[in-house]
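These are my notebook entries on one structure. I record what I looked up, in the order in which I looked.

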Amino acid sequence: MASSRPLARFWEWGKNILCVGRNYAEHAKELGNALPAEPLFFLKPSSAYVREGSPIVRPYYCTDLQHEVELGVVIGRRAQAVSQEAAMEHVAGYALCLDMTARDVQKECKKRGLPWTLAKAFSTSCPVSEFVPKEEIPDPHKLKIWLKVNGRLRQEGETSSMIFSIPHLISYISEIVTLEEGDLILTGSPSGVGSVQENDEIEAGIHGILSMRFRVAQQTCPS
Ligand SMILES: CC(=O)CC(=O)C(=O)O
Ligand SMILES: [Mg+2]
């Protein structure tokens with residue numbers, strides 16, 4: 001049965017956020033990571049969503065908050081173990097997303113073999129743009145995504161450089177996690193990730209389609 005909730009406000013649905021990592025060779029290289037043989041993914045809670053007008057809040061325990069600009073894929077129809085050929089039938093549209101990362105904490109988690117939850121899943125770690133229906137983006141592998149900090153270009157990447165294509169990601173993930181209407185897949189970051197400080201302004205966009213702006217704030221240490 002079709003849902004009465006508008007997918008144009010997918011971030012209000014409280015659904016899953018699945019994030020793919022190391023999906024651009026240049027980015028894997030800049031962080032000293034090996035290229036994945038199969039997609040690597042992790043989760044963010046839906047409370048990670050933040051929209052323009054509200055700040056990205058650097059957690060009190062983080063000393064190196066970094067931006068990762070990524071194309072997001074919004075699922076429109078339940079997908080369980082779907083083939084690559086059928087995968088795009090389950091897509092409703094796209095959004096631009098930031099996978100905000102507490103890089104210092106992530107490095108420590110990697111060293112100690114711990115999950116990345118503290119590094120990737122904190123509140124406001126997933127800023128998102130407006131929803132773009134799939135009809136407006138005939139080929140999501142032909143987009144240029146970019147990010148500036150205080151007006152300076154930091155990231156610019158072509159979605160054609162993804163190691164694993166969107167149908168491949170949907171097919172792979174849907175064999176492990178059943179994807180539901182309103183779920184969002186972040187498809188990985190191109191190179192150029194870097195640190196942001198309190199009061200910095202992040203602007204990011206999909207060339208020719210949309211842009212968005214966020215300010216960085218600092219969480220006070222709970223007493
Ligand atoms: C090393 C990472 O943080 C992986 C990631 O999120 C990516 O986009 O790549
Ligand atoms: Mg990422």
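**Entry 1: strands and pairing.** I began with terms: two strands pair if DSSP finds at least two bridges between them. Strands (E, at least two residues) and helices (H or I, at least four residues) are DSSP runs, numbered from the N terminus. I noted that strands of a sheet pair through backbone hydrogen bonds, either parallel or antiparallel.

I noted that this is a predicted model, in which local features need pLDDT of at least 70 and side-chain atom pairs count only at pLDDT 80 or more, while totals for chains, interfaces and linings use all residues. Residues are numbered from 1 along each chain as its sequence is written, chains are lettered from A and ligands numbered from 1 in the order in which they are written, and side-chain values use heavy atoms, without hydrogens and water.

I looked up strand E15 (residues 201-206) and found that it pairs with strand E16 (residues 210-218) in the antiparallel sense, over six bridges. Within this pair, Phe 214 of E16 stands opposite Ile 202.

I then placed both strands in an open sheet of five strands with mixed pairing, in the order E4-E16-E15-E11-E12. Its edge strands, E4 (56-58) and E12 (152-158), each pair on one side only.

**Entry 2: the magnesium ion.** Which residues are the protein donors of the magnesium ion (ligand 2)? I found Glu 68 (OE), Glu 70 (OE) and Asp 99 (OD), at 2.0 to 2.1 Å from the ion. Donors are N, O and S atoms within 2.8 Å of the metal (3.2 Å for Na, K and Ca); water is not among the atoms, so sites may look incomplete. The spacing of the donor residues in sequence is E-x1-E-x28-D. Glu 70 lies in strand E6 (residues 69-75) and Asp 99 in the loop between strand E7 (91-98) and strand E8 (101-102), so the pair ties together parts that are 29 residues apart in sequence.

**Entry 3: strand E6.** Are Glu 70 and Asp 99 buried or exposed? Both are buried, that is, under 20% relative accessible area (exposed is over 50%, partly exposed in between; 1.4 Å probe, protein chains only). Seven of the seven residues of E6 are buried, so this strand is largely enclosed by the rest of the structure.

I found two antiparallel partners for E6: E7, over seven bridges, and strand E13 (residues 184-186), over three bridges. Glu 70 stands opposite Cys 97 in E7, and Gly 72 has Leu 186 in E13 as its bridge partner.
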